[in-house]
Amino acid sequence: MTRAEEIARNLAEVRARMAAAATAAGRPPESVRLLAVSKKMPADDVRAAIAAGQRTFGENYAQELRDKSALLESDQTLTPPPEWHFIGPLQSNKVKYVAGRVALVHSVDSAALLDAIEARGVPQACLVQVNVAGEASKRGVAPDDLPALLDRFAAARFVRCEGLMLIPPRGDARPHFAALRELRNREGVRVRPNVDLRELSMGMTDDLEVAIVEGATIVRVGTAIFGARPT
Ligand SMILES: Cc1ncc(COP(=O)(O)O)c(C=O)c1O
């Protein structure tokens, strides 16, 4: 089997897992999007995934995103062109490589980062990364700080917030997925300009089914599509 065939087979398996989970949860399969996490994977793997019908890709590193997206954008044979999402920690000085280049930044976790994206002066859809478990080692805003950050989006001109994102702690992720959904339900009913919490970005290779049962609208899957990442 060629690498391209392997990626196509893996993608089909992931899509089947997603559809089965959505159906079991009584949700339409098209209510969950697959973000293929191509971090540390070569552009040829992205090309193979595009050939197998995948459109949306997630990157964790600002310069890697810049380089890979530029390489693939120069390739006119890719139709439709890939859509990029940024899912990693983002330092303010790297925002220039990301803002305006991606359809969605999943990892806004501070007012300072929001301000840095806003300062680029280009429209940018974002998610807020929430640290629902309060883990010291994890990024993300504390649930108690979410309303103030959403208020800041409401006052912005260029950035808007389309939902919440979570990287759960090791172990049983389900209660954390449920907590993110409840937080979205609570804050989602408050009407703010530029804020529409329709997306829940949660679930990866090992736990995408349970994330879908708990309401994920975007699952971020790397290993099950591309195999183990190089270290
Ligand atoms: C934020 C984020 N989401 C999703 C993934 C994909 O994880 P997995 O390879 O377990 O599917 C990664 C991988 O590094 C990640 O950093």
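This report describes the surroundings of the ligand and then the cysteines in a predicted model.

## The ligand and its shell

The space that the ligand takes up is the largest pocket of the structure. Around the ligand stand Val 37, Lys 39, Asn 60, Ile 87, Ile 167, Met 204, Thr 205, Arg 220, Val 221, Gly 222, Thr 223 and Arg 229. When the residues of this shell are sorted by the character of their side chains, five are nonpolar, four are polar and three are charged.

## Polar contacts and burial

Three side chains of the shell can be followed from atom to atom. In the side chain of Asn 60, an N or O atom lies 2.9 Å from an oxygen atom of the ligand, while for the side chain of Thr 205 the corresponding distance to a ligand oxygen is 2.6 Å. The side chain of Thr 223 likewise has an N or O atom at 2.5 Å from an oxygen atom of the ligand. Taken alone, the ligand would expose 390 Å², and the protein buries 88% of that area.

## The cysteines

A disulfide is a covalent bond that joins the sulfur atoms of two cysteines. The structure holds zero disulfides, and Cys 126 is therefore in none, the nearest cysteine sulfur being that of Cys 161 at 7.2 Å.

Why does Cys 161 not form a bond with Cys 126? The two sulfur atoms are 7.2 Å apart, which is too far for a bond, because a disulfide needs the sulfur atoms to lie within 2.5 Å. Both residues are nevertheless buried, as Cys 126 has a relative accessible area of 1% and Cys 161 has a relative accessibility of 1%.

Notes: Residues are numbered from 1 along each chain as its sequence is written. This is a predicted model: local features need pLDDT of at least 70, side-chain atom pairs count only at pLDDT 80 or more; totals for chains, interfaces and linings use all residues. Side-chain values use heavy atoms; hydrogens and water are left out. A residue is near a molecule or strand if one of its heavy atoms lies within 4 Å of it. A polar contact is a pair of N or O atoms within 3.5 Å; within protein, one must be able to donate a hydrogen and the other to accept it, and residues adjacent in sequence count only if both atoms are side-chain atoms. Accessible areas come from the Shrake-Rupley method with a 1.4 Å probe; for residues, only the protein chains shown count as cover. On a 1 Å grid over the protein atoms alone, a cavity is a set of points where a 1.4 Å probe fits but cannot get out, and a pocket is an open set with protein on both sides within 12 Å along at least five of seven lines; lining residues have an atom within 4 Å of a point. A molecule sits in a cavity or pocket if more than half of its atoms lie within 2 Å of its grid points. Ala, Val, Leu, Ile, Met, Phe, Trp, Tyr, Cys and Pro count as nonpolar, Asp, Glu, Lys and Arg as charged, and the others, Gly among them, as polar. Buried means under 20% relative accessible area, exposed over 50%, partly exposed in between (1.4 Å probe, protein chains only).
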